[in-house]
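Reader: I'd like a close look at one part of this model rather than a tour of the whole thing. Could you pick a spot, walk me through it, and then work outwards from there?

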Amino acid sequence: MRLVRSEMLEVLRTDYIKFARARGLTNQAVHFGHALKNTLVPVITITGLQLGSIITGALITETVFQWPGIGSLFLSSVAVVDVPVMAAYLIFVGFVFVVVNLIVDILYYVVDPRLRVGAAFGLMVGAKLLTIQVPFLFKLAVDTMLAADDGGGVAASDHPIAALA
């Protein structure tokens, strides 16, 4: 709330707000139509960072309160050196950060009209980049799991995950 208030006070002092008032717009139109949209950009940024902190902070919370969850699973896998579980946890956390950043970027596009210039090209490049990165990350995860396999009587080529790679 303090961030929204301080950003709103800062935006209300800018020139385009003064011009909007000079045009005769009502306070409601100025506050909600012009000022609030520019105030939300740093608020969205901080909210996205906080969501990432909540995900990584679950590890500490689950340890302190002895709650079963993905954080305690990760710590127990570190204790017994269970590499596939550790790799899966790290990939999951990375995926959550990527999704949160994607949502933050989409909200930037919705809130800030300056970002709409050339948006079709940016989305096209982003979709192409996404189609390149997802198979690479999946292959990296499969290779990590196969490398961590201690053999157990199953050859790497006969491993069920190897068929997916």
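Author: Let's start with a short polar contact: a polar atom of the Thr 39 side chain sits 2.7 Å from the backbone oxygen of Ala 35. Bear in mind that this is a predicted model. Thr 39 belongs to helix 3. On an α-helix, residues three or four places apart point the same way, because there are 3.6 residues a turn.

Is Thr 39 buried or exposed? Its relative accessible area is 0%, so Thr 39 counts as buried. As for what surrounds it, leave out the neighbours within four places in sequence and Thr 39 is in contact with Val 4, Glu 7, Met 8 and Val 11.

Now take the view from Val 11. Setting aside residues up to four places away in sequence, Val 11 touches Thr 39 and Ala 35, and also Tyr 16, Ile 17 and Asn 38. Val 11 and Ala 35 turn up again in the largest nonpolar core, a group of seven that also takes in Met 8, Leu 12, Ile 17, Ala 20 and Val 30. Helix 1, helix 2 and helix 3 each give two or more residues to this core. There is also a second, separate core of six residues, with Ile 44, Val 96, Val 100 and Val 104 among them. As a general point, nonpolar side chains in soluble globular proteins tend to be buried together.

Thr 39 has plenty of buried company along helix 3: Val 30, Ala 35, Val 43, Ile 44, Gly 48, Gly 52, Leu 59 and Glu 62 are buried too. What do the buried residues of helix 3 pack against? The partners are helix 1 (2-11), helix 2 (15-22), helix 4 (70-79) and helix 5 (83-111).

Helix 3 itself isn't straight. A kink of about 45° is centred on Leu 36. Helix 3 covers residues 27-65, which is 39 residues, yet its end C-alpha atoms are only 48 Å apart. A straight helix at 1.5 Å a residue would reach 57 Å. Just past the end of helix 3, Gln 66 has a positive phi of about 55°.

That end of the helix brings us to the rings. How many aromatic pairs does a search of the whole structure find? It finds two. One is Phe 65 with Trp 67: the ring centres are 5.2 Å apart and the planes meet at 25°, so this pair is stacked. Phe 65 counts as exposed, at 51% relative accessibility, while Trp 67 counts as partly exposed at 48%.

The other pair, Phe 74 and Tyr 89, is stacked as well, at 4.3 Å centre to centre and with 25° between the planes. Phe 74 comes from helix 4 and Tyr 89 from helix 5, so the pair ties together parts 15 residues apart in sequence. Phe 74 and Tyr 89 are both buried.

Stepping back to the whole chain, its secondary structure is six helices and zero strands. Of its 165 residues, 19% count as buried. Among contacts with a separation of 6 or more, 46% come from residues 24 or more positions apart.

Technical notes: Residues numbered from 1 in each chain as written. Predicted model: local features only at pLDDT ≥ 70, side-chain atom pairs only at ≥ 80, totals over all residues. Heavy atoms only, no water. Helix = DSSP H or I, 4+ residues; strand = E, 2+ residues; numbered from the N terminus. Expected span 1.5 Å × (residues − 1). Bend = angle between axes of the 7 residues up to and from the residue. Buried < 20%, exposed > 50% of the residue type's maximum accessible area, 1.4 Å probe, protein only. Contact = heavy atoms within 4.5 Å. Core = buried A, V, L, I, M, F, W, Y, C linked by side-chain atoms within 4.5 Å. Polar contact = N/O pair within 3.5 Å; in protein donor to acceptor, adjacent residues only side chain to side chain. Phe/Tyr/Trp six-rings, centres within 6.5 Å; stacked < 30°, edge-to-face > 60°.
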